[in-house]
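Work through the exercises below with the model open beside you. Try each task before reading its solution.

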Amino acid sequence: MNKKLRILSNTIFYIAEGISIFALGKTYYERSKLPDGVCPVSNNNWLLTIGISMIILYLIISLIEWFVYKKDK
C-alpha cells in the first residue's frame, strides 16, 4: 500500500510540475506578443488552476502516505 501511494504521489507531482512549467513558459511567450497593459495570465488561467490543483492533490496524498507510514511503524 505504501509503495503504491508513493508511486501515485510522485506521478502526480511530476505531472503538476510539467503543467506548471508549461503554463509559465506559455505565459512568458504570450506576454512578448501582447501590447502593454494586457494581462497574459487571464488567457492561461485554466492551466494555472490545474497545476495548483495537482500540487494540492500531491500534498494531500503525501500527507496520507505519511500517516500510513507512521501507523505501520
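Helices are DSSP runs of H or I with at least four residues, numbered from the N terminus. By that rule Ser9 lies in helix 1. The model is a predicted one.

**Exercise 1. Compare the span of each helix with its expected span.**

Solution.
- Step 1. Take helix 1. It has 32 residues. From first C-alpha to last it reaches 47 Å, close to the 46 Å expected at 1.5 Å a residue.
- Step 2. Take helix 2. It has 28 residues. Its end-to-end C-alpha distance is 41 Å, and 40 Å is expected at 1.5 Å a residue.
- Step 3. Conclude. The span of helix 1 is close to expectation, and so is that of helix 2.

**Exercise 2. List the buried residues of each helix and find what they pack against.**

Solution.
- Step 1. Set the cut-off: buried means under 20% relative accessible area.
- Step 2. Apply it to helix 1. The buried residues there are Leu5, Ser9, Ile12, Ala16, Ile19, Ala23, Thr27 and Glu30.
- Step 3. Apply it to helix 2. This gives Leu47, Gly51, Met54, Ile61 and Glu65.
- Step 4. Look for the cover. Helix 2 is part of what covers the buried residues of helix 1. In turn, the buried residues of helix 2 pack against helix 1.

**Exercise 3. Find the largest nonpolar core and say which helix gives the most to it.**

Solution.
- Step 1. Collect the members. The largest nonpolar core has 5 residues: Leu5, Ile12, Ala16, Met54 and Ile61.
- Step 2. Assign them. Helix 1 (2-33) and helix 2 (45-72) each supply at least two. Helix 1 gives the most, with 3 residues.
- Step 3. Probe one member. Beyond four places in sequence, Ile61 touches Leu5, Leu8, Ser9 and Ile12.

**Exercise 4. How many salt bridges does the whole structure hold, and which parts does the pairing tie together?**

Solution.
- Step 1. Recall the principle. Side chains of opposite charge can pair when their charged atoms come close.
- Step 2. Search. The whole structure yields 1 salt bridge.
- Step 3. Identify the partners. Arg6 pairs with Glu65, and their closest N and O atoms are 3.1 Å apart.
- Step 4. Place them. Arg6 is in helix 1 and Glu65 in helix 2, so the pair ties together parts 59 residues apart in sequence.
- Step 5. Check exposure. Arg6 is partly exposed at 47% relative accessible area. Glu65 is buried at 11%.

**Exercise 5. Is Ser9 buried or exposed, and which residues does Ser9 contact?**

Solution.
- Step 1. Read the accessibility. Ser9 has a relative accessible area of 2%, so Ser9 is buried.
- Step 2. List the contacts. Setting aside neighbours within four places, Ser9 is in contact with Tyr58, Ile61, Ser62 and Glu65.
- Step 3. Look for polar pairs. The side chains of Ser9 and Glu65 are joined by a polar contact of 3.4 Å. Glu65 also takes part in the salt bridge with Arg6.

**Exercise 6. Count the aromatic pairs and describe the surroundings of Tyr58.**

Solution.
- Step 1. Count. There are 3 aromatic pairs in the structure.
- Step 2. Connect. Ring pairs link Phe13, Tyr14 and Tyr58 into a cluster.
- Step 3. Place Tyr58. This residue lies in helix 2. It is partly exposed, with a relative accessible area of 22%.
- Step 4. List its contacts. Residues up to four places away aside, Tyr58 touches Ser9, Ile12 and Phe13.
- Step 5. Compare sequence with space. Tyr58 and Ile15 are 43 residues apart in sequence, yet their C-alpha atoms are 9.9 Å apart.

**Exercise 7. Where does Asn44 sit, and what does Asn44 touch?**

Solution.
- Step 1. Locate it. Asn44 is in the loop between helix 1 and helix 2.
- Step 2. Check burial. Asn44 is buried, with a relative accessible area of 0%.
- Step 3. List its contacts. Outside a window of four places in sequence, Asn44 touches Ala23, Lys26, Thr27 and Glu30.
- Step 4. Turn to Ala23. This residue lies in helix 1 and is buried, at 0% relative accessible area. Its contacts, counted the same way, are Asn44, Leu47 and Leu48.
- Step 5. Add a distance. Ala23 and Val41 are 18 residues apart in sequence and 9.0 Å apart, C-alpha to C-alpha.

Note on methods: Residues are numbered from 1 along each chain as its sequence is written. This is a predicted model: local features need pLDDT of at least 70, side-chain atom pairs count only at pLDDT 80 or more; totals for chains, interfaces and linings use all residues. Side-chain values use heavy atoms; hydrogens and water are left out. A nonpolar core is a set of buried Ala, Val, Leu, Ile, Met, Phe, Trp, Tyr and Cys residues joined through side-chain atoms within 4.5 Å. Buried means under 20% relative accessible area, exposed over 50%, partly exposed in between (1.4 Å probe, protein chains only). Contact means heavy atoms within 4.5 Å. The expected span of a helix is 1.5 Å times one less than its number of residues. A salt bridge is a side-chain nitrogen of Lys or Arg within 4 Å of a carboxyl oxygen of Asp or Glu. A polar contact is a pair of N or O atoms within 3.5 Å; within protein, one must be able to donate a hydrogen and the other to accept it, and residues adjacent in sequence count only if both atoms are side-chain atoms. Rings of Phe, Tyr and Trp (its six-membered ring) pair if their centres lie within 6.5 Å; planes under 30 degrees apart count as stacked, over 60 as edge-to-face and the rest as tilted.
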